[in-house]
Amino acid sequence: MFSFLSHKEFRFLLPILPVALIICIVVILLINIPLSVYMGLIHQSGTTDATLHLSNTVNNDSKVLFLMPCHSAPYYSYIHRNISMKFLSCEPNFNNAVNYTDEADVFFFY
């Protein structure tokens, strides 16, 4: 609104500037703190929840195959047992093979 006026008096706005900055900071904190808690603790926590469930249910003879995108599960850092675990591989084409697709792409395509 003030940009359309030919004569602008910013001296009338300067006294409310500190109050407006405090209100902006409070609004930013009120939005970002709950959003940070949600994104850090709840959003996309399924892989860690599944791995924690596995750590409580597996025994030393168990074998686990993660059918998820490669390296998305926390693996041994949550299991804490010496069991056989494997996930879908997604290594690059080191041998320059023609029409190369990795194991994860094959699984998720079919």
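A residue counts as partly exposed when its relative accessible area falls between the buried class, under 20%, and the exposed class, over 50%. By that yardstick C90, with a relative accessible area of 27%, is partly exposed. The structure discussed here is a predicted model, and C90 is a handy place to enter it.

C90 is paired with C70 in a disulfide, and their sulfur atoms lie 1.9 Å apart. This link joins distant parts of the chain: C70 sits in the loop between β1 (63–66) and α3 (76–79), C90 sits in the loop between β2 and α4, and 20 residues separate the two. A disulfide is a covalent bond between the sulfur atoms of two cysteines. The angle about the S-S bond is 95°, and the link of C70 and C90 is right-handed. The structure holds one disulfide. When residues up to four places away in sequence are set aside, C70 touches F87 and L88 as well as C90. A much wider separation appears between C70 and V19: these residues are 51 apart along the chain, and 50 Å lies between their C-alpha atoms. Another cysteine, C24, is partly exposed, because its relative accessible area of 44% falls between the cut-offs of 20% and 50%.

The loop between β2 and α4, home to C90, also holds D102. C90 is one of the residues that D102 touches, together with S89 and E91, once residues up to four places away in sequence are left out. What is the charge environment of D102, which is buried? D102 has no salt bridge, and the nearest side chain of opposite charge, that of K86, is 11 Å away. The side chain of D102 does reach the backbone nitrogen of D105, at 2.8 Å.

K86 itself has a partner elsewhere. E103 forms a salt bridge with K86, and the closest N and O atoms of this pair are 3.2 Å apart. Here too, distant parts of the chain are linked, with E103 in helix α4 (residues 103–109) and K86 in strand β2 (residues 84–87), 17 residues apart. Both ends of the pair are partly exposed: E103 has a relative accessible area of 33%, and K86 has one of 41%. The structure holds one salt bridge.

Helix α3 offers another point of interest in Y78. At 31% relative accessibility, Y78 counts as partly exposed, since this class lies between the limits of 20% and 50%. Which residues does Y78 contact beyond its neighbours within four places in sequence? They are T48, T51, L52 and S55. Y78 and N56 are 22 residues apart along the chain, and their C-alpha atoms are separated by 10.0 Å.

Turning to the database record, an unreviewed UniProt entry lists residues 12–35 as "transmembrane region". In the predicted model, the chain over residues 12–35 is 79% helix and 0% strand. The C-alpha atoms at the two ends of this stretch are 36 Å apart.

Note on methods:
Residues are numbered from 1 along each chain as its sequence is written. This is a predicted model: local features need pLDDT of at least 70, side-chain atom pairs count only at pLDDT 80 or more; totals for chains, interfaces and linings use all residues. Side-chain values use heavy atoms; hydrogens and water are left out. A salt bridge is a side-chain nitrogen of Lys or Arg within 4 Å of a carboxyl oxygen of Asp or Glu. Helices (H or I, at least four residues) and strands (E, at least two) are DSSP runs, numbered from the N terminus. Buried means under 20% relative accessible area, exposed over 50%, partly exposed in between (1.4 Å probe, protein chains only). Lys and Arg count as positive and Asp and Glu as negative; His and the chain ends are not counted. A polar contact is a pair of N or O atoms within 3.5 Å; within protein, one must be able to donate a hydrogen and the other to accept it, and residues adjacent in sequence count only if both atoms are side-chain atoms. Contact means heavy atoms within 4.5 Å. A disulfide is a pair of cysteine sulfur atoms within 2.5 Å. UniProt positions are given in the numbering used here, feature names are shortened, and annotations may be inferred rather than shown by experiment.
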